[in-house]
Amino acid sequence: MKNFKTLFTFAVVLLFSLTNAQKIGVIDTQYILDKMPEYKEAEARLNSQIDTWEQDLQRLQSEYEQKKSAFENERVLLIGDQLKLREKEVLDLEKNIKTTTSLRFGKTGEINQLRANLVEPFEDQIWAAMRTVIEKNGLGIVLDKTKDNVVFYQPRYDYTDKVLDVLMKGSGDKGDKKEKKTNKK
């Protein structure tokens, strides 16, 4: 009788654990973003703006270097107010460079704000499509392959194409899916 109770308890625990198992899926968000032409356009605009700002900063830096060098060379010839004026000019230019760098490239700079404004709508679209796929397939855990937290997975657990289908509303190119599947192997 004791063996029967132990066997019965083990069977109940095993059955309970099998019915409550979580389905796990993997999604490659970078692949999805690469398939969205609007995202590529936004990324190109962002990179163009970054290049423009970097060129402006380089121009300011070279102007600063020239003025500083000229000031150092002429320092012995300058007197009184001229010396203070030229020194203030160089210091103001240096301060301008630091301010511009922090405003555009700092943690809360214009680049981060612009990146957030350009990327956030795409992240929202992907999130909505992921939610649809998660609910439809009953997934309990979803990992992002792009975030380097997936060590190994079997392609049958990859729901990237399903999310892409939801995003593209079924109008996606079938050749792209075949290309993705052959890339996985």
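Visitor: Where does Asn137 lie?

Guide: In this predicted model, Asn137 lies in helix 5.

Visitor: Why is Asn137 called buried?

Guide: The relative accessible area of Asn137 is 18%. A residue counts as buried under 20%, so Asn137 is called buried.

Visitor: Which residues does Asn137 touch, not counting residues up to four places away in sequence?

Guide: Asn137 touches Lys23, Tyr159 and Lys162. Across the protein chain, buried residues make up 25% of the 185 residues.

Visitor: What makes helix 5 oblique to helix 6?

Guide: The axes of helix 5 (residues 110–137) and helix 6 (residues 160–168) cross at roughly 120 degrees and come within 9 Å. Angles of 65 to 115 degrees count as roughly perpendicular and those over 145 as roughly antiparallel. The angle here falls in neither range, nor is it under 35 degrees, and therefore helix 5 is oblique to helix 6. The crossing is right-handed.

Visitor: Which residues make the contact of helix 5 and helix 6?

Guide: Helix 5 contributes Gln125, Ile126, Ala129, Met130, Thr132, Val133 and Asn137. Helix 6 contributes Lys162, Val163, Val166 and Leu167.

Visitor: Why is helix 3 called roughly antiparallel to helix 5?

Guide: These two helices pack at an angle of about 175 degrees, and their axes are 10 Å apart. An angle over 145 degrees counts as roughly antiparallel, so helix 3 is given that description relative to helix 5. On the side of helix 3, the residues in contact include Tyr39, Leu46, Ile50 and Trp53. Among those on the side of helix 5 are Ile111, Leu114, Leu118 and Phe122.

Visitor: How do you know that Glu74 forms a salt bridge with Arg86?

Guide: Their closest N and O atoms are 2.8 Å apart. The cut-off is 4 Å, so the pair of Glu74 and Arg86 qualifies as a salt bridge. The pair links distant parts of the chain, with Glu74 in helix 3, Arg86 in helix 4 (residues 80–105) and the two positions 12 residues apart in numbering. In general, side chains of opposite charge can pair when their charged atoms come close.

Visitor: Why are Glu74 and Arg86 called partly exposed?

Guide: Glu74 has a relative accessible area of 32%, and Arg86 has 23%. Partly exposed covers what lies between under 20% and over 50%, so Glu74 and Arg86 both receive that label.

Visitor: What makes the pair of Arg75 and Glu72 a salt bridge?

Guide: The closest N and O atoms of Arg75 and Glu72 are 3.9 Å apart. That value is within 4 Å, so the pair counts. Arg75 is partly exposed at 34% relative accessibility, and Glu72 is partly exposed at 42%.

Visitor: How do you know that Lys88 forms a salt bridge with Asp92?

Guide: The closest N and O atoms of this pair are 2.8 Å apart, and the cut-off of 4 Å is therefore met. Lys88 and Asp92 both lie in helix 4, four residues apart, about one turn of the helix. Asp92 is partly exposed, with 36% relative accessibility.

Visitor: How many salt bridges does a search of the whole structure find?

Guide: The search finds nine. A network of salt bridges links Arg59, Glu63, Lys67 and Glu89.

Visitor: Why is Thr101 called partly exposed?

Guide: Thr101, which is found in helix 4, has a relative accessible area of 29%. This value is neither under 20% nor over 50%, so Thr101 is partly exposed. Leaving aside neighbours within four places in sequence, Thr101 is in contact with Leu57 and Gly106. Thr101 and Leu57 are 44 residues apart in sequence and 7.4 Å apart in space, C-alpha to C-alpha.

Visitor: Which elements of the protein chain have the lowest and the highest mean pLDDT?

Guide: Helix 7 (residues 174–184) has the lowest mean pLDDT, 44, and helix 3 (residues 37–74) the highest, 91. The protein chain averages 79. Over residues 171–185, pLDDT stays under 50. Where pLDDT is low, the predicted coordinates should not be read in detail.

Visitor: What does the secondary structure of the protein chain come to?

Guide: It comes to seven helices and two strands. From the N terminus on, the elements run α-β-α-α-α-α-β-α-α.

Note on methods. Residues numbered from 1 in each chain as written. Predicted model: local features only at pLDDT ≥ 70, side-chain atom pairs only at ≥ 80, totals over all residues. Heavy atoms only, no water. pLDDT = per-residue confidence, 0-100. Contact = heavy atoms within 4.5 Å. Salt bridge = Lys/Arg side-chain N within 4 Å of Asp/Glu carboxyl O. Buried < 20%, exposed > 50% of the residue type's maximum accessible area, 1.4 Å probe, protein only. Axes fitted to C-alpha atoms, helices over the stretch in contact; angles between N-to-C directions. Left-handed = near helix turned anticlockwise from the far one by under 90°.
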